[in-house]
Amino acid sequence: MTGSIFDKLSSGDAKTVKGAGTRVTVPEGWSPINQGTGSDKAYILLEGEASVRKGGEEIARVGPGAVLGEMSIVNHTLRTASVVSLTDLVLLHYTREKFEKLLNDVPGFRAALDDLARERIGG
């Protein structure tokens with residue numbers, strides 16, 4: 001599992017990022033992100049565990065502090081993987097517009113996402 005986005009942010013930036021999201025709950029077995037769909041939203045996982053799947057095969061498990069769906073927003077592409085909840089999840093939901101605003105307005109957020117992306121690819 002990669003680290004938590006909140007561990008990479010200043011307390012002020014973390015408060016801004018948390019405040020911009022809408023808290024939602026997702027039941028076990030549900031898929032908030034589906035491979036091949038448009039990039040209209042992103043999430044930050046607050047509680048629970050999820051499986052990241054590409055072509056139906058699990059490629060990672062993620063827990064609290066994981067950012068979900070951000071790469072397709074950043075890269076302006078379709079989703080490259082699905083996310084399936086392994087437990088009930090508590091998430092912060094961000095529309096594409098809110099997420100892009102955070103990237104522009106909170107430089108530490110963009111830097112933290114870049115760090116997490118490097119961790120994912122082993123760099």
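## Ser39 and its polar contacts

In this predicted model, the side chains of Ser39 and Arg96 are joined by a polar contact of 2.5 Å. Ser39 has another polar neighbour as well: a polar atom of its side chain lies 3.4 Å from the backbone oxygen of Ser72. As for where this serine sits, look in the loop between strand 1 (22–26) and strand 2 (41–47).

Is Ser39 buried or exposed? Its relative accessible area is 9%, so Ser39 counts as buried, the cut-off for that label being under 20%. Setting aside neighbours within four places in sequence, the residues in contact with Ser39 are Ser72, Ile73, Thr77, Arg79 and Arg96. Two of those names, Ser72 and Arg96, are the polar partners from above.

## The 4-3-6 sheet

Next up, the sheet. Three strands make an open sheet, ordered 4-3-6, with antiparallel pairing. Strand 4 (57–62) and strand 6 (82–85) are the edges, each pairing on one side only. From one strand to the next, the twist averages 30 degrees. As background, strands of a sheet pair through backbone hydrogen bonds, and they can do so parallel or antiparallel.

How many bridges join strand 3 to strand 4? There are five, and strand 3 covers residues 50–54. Ala50 has Val62 as its bridge partner in strand 4, while Arg53 has Glu58. The two strands form a hairpin with two residues between them. In the turn, Gly55 takes a positive phi of about 60 degrees.

## Two nonpolar cores

The largest nonpolar core has 20 residues, and the ones with the most contacts inside it are Ile5, Ile44, Phe99 and Phe109. Which elements give two or more residues to this core? They are helix 1 (11–20), strand 2, strand 7 (89–95), helix 3 (96–105) and helix 4 (107–120). Helix 4 gives the largest share, four residues. In general, nonpolar side chains tend to be buried together in soluble globular proteins.

Phe109 is a handy residue to click on here. Leaving out neighbours within four places in sequence, Phe109 is in contact with Ile5, Leu9, Val17, Ile44, Phe99, Leu102 and Leu103. There is also a second, separate core, which has 13 residues and includes Val26, Tyr43, Val52 and Leu68.

## Salt bridges

The structure holds six salt bridges. One of them is between the side chains of Arg23 and Glu47, at 3.6 Å from N to O. Arg23 lies in strand 1 and Glu47 in strand 2, so this pair ties together parts that are 24 residues apart in sequence. Arg23 is exposed at 55% relative accessibility, whereas Glu47, at 43%, is partly exposed. The general rule is that side chains of opposite charge can pair when their charged atoms come close.

Glu58, already met as the bridge partner of Arg53, also forms a salt bridge with Arg61 (3.1 Å, N to O). Both of these residues are partly exposed, Glu58 with a relative accessible area of 41% and Arg61 with 38%. Which residues do salt bridges with shared partners join into one network? That network is made of Asp40, Lys41 and Arg79. Within it, the side chains of Asp40 and Lys41 meet at 3.5 Å, N to O. Asp40 is partly exposed at 46% relative accessibility, and Lys41 is partly exposed at 21%. Arg79 also links back to the opening topic, being one of the contacts of Ser39.

## Ser4, ahead of helix 1

One more serine to finish. Ser4 is found in the segment before helix 1. With a relative accessibility of 13%, Ser4 counts as buried. Where does the side chain of Ser4 reach? It goes to the backbone nitrogen of Phe6, at 3.1 Å. Neighbours within four places in sequence aside, Ser4 is in contact with Pro64 and Gly65.

Put next to each other, the two serines read like this: Ser39 is buried at 9%, and its side chain has a polar contact with the side chain of Arg96. Ser4 is buried at 13%, and its side chain reaches a backbone nitrogen, that of Phe6.

Note on methods: Residues numbered from 1 in each chain as written. Predicted model: local features only at pLDDT ≥ 70, side-chain atom pairs only at ≥ 80, totals over all residues. Heavy atoms only, no water. Buried < 20%, exposed > 50% of the residue type's maximum accessible area, 1.4 Å probe, protein only. Polar contact = N/O pair within 3.5 Å; in protein donor to acceptor, adjacent residues only side chain to side chain. Contact = heavy atoms within 4.5 Å. Pairing = 2+ DSSP bridges. Axes fitted to C-alpha atoms, helices over the stretch in contact; angles between N-to-C directions. Core = buried A, V, L, I, M, F, W, Y, C linked by side-chain atoms within 4.5 Å. Salt bridge = Lys/Arg side-chain N within 4 Å of Asp/Glu carboxyl O.
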